[in-house]
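Q: I should like to learn how to read the main features of a model such as this one. Could we go through them in turn?

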Amino acid sequence: MRGVLYLSLRRLQHHRLQSAIAIACLALACFLPVASERLIASYDRDLGARAASTPLIAGARGSRFDLVLASLYFRGVELDPVRFAEAEALREGGEALVVPISLRFRARGRPLVATTREYFERRGLHARSGSLPLLVGECVLGARVAQELGLGVGESLFSDPREHYDIAKAPALKMRIVGVLARRESPDDDAVFVDLATAWVLEGALHGHGEAKQVAQERSDLVLGRKDEHVVFSPALIEWNEITPENAVSFHHHGDPGALPLSAVLLFPEDEKSGTLLKTRVNARSALQIVRPSEVIGDLMAFVFRIKRFVDVLWALLAGTTALWLGLVLLLSTRLRAAELETLHRLGASRGTALRLIGAELLLLLLIAALLAFALVAVALAWLPDLVRVL
Amino acid sequence: MSASPRATDAPIAAPPIAALRGVRFAYPGGSFALELAALELARGERVALIGPSGSGKTTLAELIAGIRSPQAGTVQLCGVELTALGEAERRALRIAKVGFVFQRFELFEYLSALDNILLPYHLNRALALDRAARERARELAAAVGVEQLLSRIPSRLSQGERQRVALCRALIAEPELVIADEPTGNLDPSSSARALDLLIEQVERRGATLLVITHDHGLLGRFERVIDLRALVAGEGRPAVVTPR
């Protein structure tokens, strides 16, 4: 058998291109169904775990899939805003811990998640270096963000401006990096976290500038008018684009704090009953909706699995077609090699040896293709982006 | 060469390497039948087998080598009755006793010249592919002048070089009988003569019997005996044996 394997290997080596094509076809036919199976199972597990760790999510009425995917995985969809007052109202019954989040901004392309300290406690996040964000203008980086951007504690990061050509909008904000989170292999690794007030600065709801009387004296060209106690400045008045310990005190808000915008509210009820009561109360009477992420992700994955069943049929057809193609190639190859096989017989090989020679070639092709497919699956599992990113 | 045929009843002193008696072989469908009353090949003899296309030269060689079995009669190879053996035993005997040189050499393009020479060892567990076998292959290659070409594949060899590699393959297992099926069929006359000289020289050096199937009557003078199968075609039942001058 060793001699037959040797001859088979030499023949495959000699016909490199044909062998490579056959191996590629076989590997692909093996890789696609196995990879899709493993990837979907992996995504199901990962998505399910994160959804299960967040009992309820409240948000503006609309797509429950968008609400869950954005709130849990920071998918880049713009959610209708929730008023801060509405989030505060959720605390009234005392049924659940309320964790507001704002997801409307990005920094260097990464999601900027504005939230409270309870978020870190509930997600089990802790700083690998530095500390968690305590003050407006501070940020903490997810482990992968820090690695990919090469940033660390003490450095700074600019937010991405939402409107490049509208000077009335808040400019990009320079944020101080005060911490880097330990890696959790979750969407938190890919996010930048800030305090809620920082998000409102980016909204333009909070802003800071020099003391009005001093500015009016130093830059009278920016004063459009004076009325009793008020001074009206030109929009050309440059607001601070960095929050420092020196200017932090100058940041303020004009208007109703209850109107400050949020994206969603994560809810961690005391128990199942409290959660059900809260969900029922809010869904019946409020402008908000409360959803159970595990149910939403379950529905989403059920849909994915329905599609997968259809795709499985396609994979089966592909496998069948590949097998038929392989059979045809072998048949034609055997005919083309009739003289070679006859020579082998004359030289003392049995008819079975000729068959073993062809079988060994097939076996080697299948073996190499299987190894290649296995390697590709491993690479796919290691390197393919998170499902939410490609959705 | 004498044109007058005569019966093959000349006395043979040593036990023959091959002996056929009352052999009848027909292919399925009955398009061709070979009937042979008696034929013997002496040890160390150089024999040419001639005859028109379709007269059964290759079939006769295959019967002698045990590749095919006759429907009637007996075939002995090295004193062993082939018709009494099974396929596997016949094959084992063929591997041990018979070497082949084919008209188109039938070298395998995906193997180096060295691997082509060692092919019988790759195919048969009975032959041990050890250092001695590889050394013997190199010695054979050196003897026919292709020792520098052993790493090349056949398409990178000239016609004559391929012929030499094929000869080495036929001799590697040290056979007692070498059957060459039109080994010079693809060569020009001068190359044919040189190739046949080389074949005869190497076979004689090893004391083996040589049976050459050929259409080239110009080469018959190099053989001790010529067997003409035209008489079989004519239905005389015995091949004409011609002793070249």
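Q: How many residues does each chain bring to the contact between chain A and chain B?

A: The contact draws 16 residues from chain A and 19 residues from chain B, where two residues are in contact if their C-beta atoms, placed from the backbone, lie within 7 Å. Helix 1 (2-14) and helix 11 (338-346) of chain A each provide at least two residues of the side of chain A that touches chain B; helices (H or I, at least four residues) and strands (E, at least two) are DSSP runs, numbered from the N terminus. Helix 1 of chain A supplies the largest share of that side, six residues. By class, the side of chain A that touches chain B has six nonpolar, six polar and four charged residues; Ala, Val, Leu, Ile, Met, Phe, Trp, Tyr, Cys and Pro count as nonpolar, Asp, Glu, Lys and Arg as charged, and the others, Gly among them, as polar.

Q: How are the numbering and the confidence limits to be understood?

A: Residues are numbered from 1 along each chain as its sequence is written, and chains are lettered from A and ligands numbered from 1 in the order in which they are written. This is a predicted model, in which local features need pLDDT of at least 70 and side-chain atom pairs count only at pLDDT 80 or more, while totals for chains, interfaces and linings use all residues.

Q: How does one describe the packing of helix 2 of chain A and helix 12 of chain A?

A: Two packed helices are described by the angle between their axes and the distance between the axes. Helix 2 (residues 16-52) of chain A and helix 12 (residues 351-383) of chain A pack at about 40 degrees, with axes 7 Å apart; axes are lines fitted to C-alpha atoms, for helices over the stretch in contact, and angles run from 0 to 180 degrees between N-to-C directions. The two helices are therefore oblique to each other, since angles under 35 degrees count as roughly parallel, over 145 as roughly antiparallel, 65 to 115 as roughly perpendicular and the rest as oblique. Among the residues making the contact are A:Phe31 of helix 2 and A:Leu372 of helix 12. The contact has 20 nonpolar, two polar and one charged residues.

Q: At what angle do helix 3 of chain A and helix 10 of chain A cross?

A: The axes of helix 3 (residues 64-73) and helix 10 (residues 293-336) of chain A cross at roughly 110 degrees and come within 10 Å. These helices are therefore roughly perpendicular to each other. Their contact includes A:Phe65 of helix 3 and A:Ile297 of helix 10.

Q: Which residues touch the most other members of the largest nonpolar core?

A: In soluble globular proteins, nonpolar side chains tend to be buried together. The largest nonpolar core has 76 residues, of which B:Leu49, B:Cys168 and B:Val178 touch the most other members. Such a core is a set of buried Ala, Val, Leu, Ile, Met, Phe, Trp, Tyr and Cys residues joined through C-beta atoms within 7 Å. Helix 6 (residues 159-171) of chain B gives the most to this core, six residues.

Q: Is B:Leu63 buried or exposed?

A: B:Leu63 is buried, because 25 other C-beta atoms lie within 10 Å; a residue is buried with 20 or more such atoms, exposed with 12 or fewer, and partly exposed in between, with C-beta atoms placed from the backbone. B:Leu63 is in helix 1 (residues 57-65) of chain B.
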